[in-house]
Protein chains: 2
Amino acid sequence: MGRTSDAREKILGAAQSLIELRGYSALGVAEICKAAGVPKGSFYYFFASKEALALATIDEHWAEQERAWKHILTGAAEPLQRLRRLCEATEAAQRAGQQSCGTVSGCLFGNLTLELSNQTEAIRARLQEIFDAQVEMIDAVIAEARARDEVTVTDTREAARSVVAQLEGQVLFAKLYNSTRRLGPLWANCLALLGARAPGEVAAGL
Amino acid sequence: MGRTSDAREKILGAAQSLIELRGYSALGVAEICKAAGVPKGSFYYFFASKEALALATIDEHWAEQERAWKHILTGAAEPLQRLRRLCEATEAAQRAGQQSCGTVSGCLFGNLTLELSNQTEAIRARLQEIFDAQVEMIDAVIAEARARDEVTVTDTREAARSVVAQLEGQVLFAKLYNSTRRLGPLWANCLALLGARAPGEVAAGL
């Protein structure tokens, strides 16, 4: 029991690393099993298909990221500070990825959206749920900032979408230029998208 | 001569459609030749490898898009109006793609960036040149708007990057949700990123 559950984790870990490095289509089940160090028979014991593995990889990565986002976005800090920490955490996560594998691998969900969303409806639906959840979490923080009169946007849902779009777009550039410095302006761009008062004004409660 | 050059065009046309629908890694040379209606021998007469075809497809698509962008962005209209037309043209292009193939296929350059940029340096370099050129064209327009005191951003290069990032991020969502309506807020988001004066103020010359 311990062994088989261990094999599933190994397959998931190898799949995530390989998908981040080379995308989904370029991978074969045999290669994933080799990287995981498990026999190919184990694969089909745990996963009905390569697509089922992709869905499980997405779920596993989202479970981890959702915990991190919730920790940051529902914390005790002031709302805009929480959003700022999310930008910083995004940069830190990409930097850690670059240090461990030599190249910025971007956002797993963004990568799979552009590679696969118009090919498999199951993956499209799962990725939609994840981005919907991200937008909802950010929307709640923007609504708090708005109640404190720190931002001027009126449609907080649309503003949350523009923040996630900016994040995905800048992460795309960080991957393209293999440079996490591309993520430096993310926070200032978010403030602009939210119609935030100048930080000094916010601090002074104007 | 006429025949062979026709075969090259057919291969490029088929490659672009197939890459937009299914990405690069999922495709084989045989499949591309079948879709193009040319014998496989023709492929290697024109292209040394599948990567060479990808580069040619990128160049062909950029030649066309660069012409369209230059036409819009260096036209006689006021600078912010030109940027607005670029947003509208982006939405129109995605809508036309959706009507012809049933699904929003996104930006070819963004798709290949997330699928391939950390795998092949030749493709990474080419895509960097293209996004650099896009940023430079938009930077020039923002600088014009700034000289007219219509926007408040000071770092026009960084602002241009944030606009292209927003565009790529929103196109990613248009693809994910298979809805070009996702591109509706693009223009308002660009105005926010540029720190544009309210449209009424700009119109009134305030």
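## Two copies and two domains

User: How many residues of domain 1 of chain A are in contact with domain 2 of chain A?

Analyst: This is a predicted model. Its chain A is assigned domain 1 (1-47) and domain 2 (55-204). Contact here means heavy atoms within 4.5 Å. Domain 2 of chain A brings 12 residues to this contact, and the number from domain 1 of chain A is 12.

User: How far apart do the C-alpha centres of domain 1 and domain 2 of chain A lie?

Analyst: The domain bounds are 1-47 and 55-204. Between the C-alpha centres of these two domains of chain A lie 28 Å.

User: What area do domain 1 and domain 2 of chain A bury between them?

Analyst: Carbon and sulfur atoms give 60% of this buried area. On the side of domain 1 of chain A, six nonpolar, three polar and three charged residues touch domain 2 of chain A. The area buried between the two domains is about 1,000 Å².

User: How many residue pairs are in polar contact between domain 1 and domain 2 of chain A?

Analyst: Salt bridges are counted separately, and the rule finds zero of them across this domain interface. For polar contact, both residues must be at pLDDT 80 or more. The count is three residue pairs.

User: Which three residues of chain B supply more of the area it buries against chain A than any other three?

Analyst: Chain B and chain A bury about 3,600 Å² between them. In the contact, 42 residues of chain B meet 42 residues of chain A. Of the area that chain B buries, 18% comes from three residues: Leu114(B), Asn118(B) and Leu176(B).

User: Which element gives the most residues to the side of chain B that touches chain A?

Analyst: Across this interface there are 18 residue pairs in polar contact, but zero salt bridges. The elements of chain B that give two or more residues are H1 (2-22), H6 (108-116), H7 (121-147), H8 (156-176) and H9 (186-193). One of them gives 13 residues, the most: H8(B).

User: Which class, nonpolar, polar or charged, has 17 residues on the side of chain B that touches chain A?

Analyst: The nonpolar class has 15 residues on this side. The charged class has 10. The class with 17 residues is polar.

User: What kind of axis relates the two copies?

Analyst: A rotation of 180° superposes chain B on chain A, with 0.0 Å of shift along its axis and an RMSD of 0.0 Å. The copies are therefore related as by a two-fold rotation axis.

User: Why do the copies meet through the same surface?

Analyst: Take the interface residues of chain B. The copies meet through the same surface because the share of these that are also interface residues in chain A is 100%.

Note on methods
Residues are numbered from 1 along each chain as its sequence is written. Chains are lettered from A and ligands numbered from 1 in the order in which they are written. This is a predicted model: local features need pLDDT of at least 70, side-chain atom pairs count only at pLDDT 80 or more; totals for chains, interfaces and linings use all residues. Side-chain values use heavy atoms; hydrogens and water are left out. Domain bounds come from an automatic or database domain assignment. Buried area is the accessible area (1.4 Å probe) that two parts lose on being put together, summed over both. A salt bridge is a side-chain nitrogen of Lys or Arg within 4 Å of a carboxyl oxygen of Asp or Glu. A polar contact is a pair of N or O atoms within 3.5 Å; within protein, one must be able to donate a hydrogen and the other to accept it, and residues adjacent in sequence count only if both atoms are side-chain atoms. Ala, Val, Leu, Ile, Met, Phe, Trp, Tyr, Cys and Pro count as nonpolar, Asp, Glu, Lys and Arg as charged, and the others, Gly among them, as polar. Helices (H or I, at least four residues) and strands (E, at least two) are DSSP runs, numbered from the N terminus. Copies are superposed by least squares on the C-alpha atoms of residues with pLDDT of at least 70 in both.
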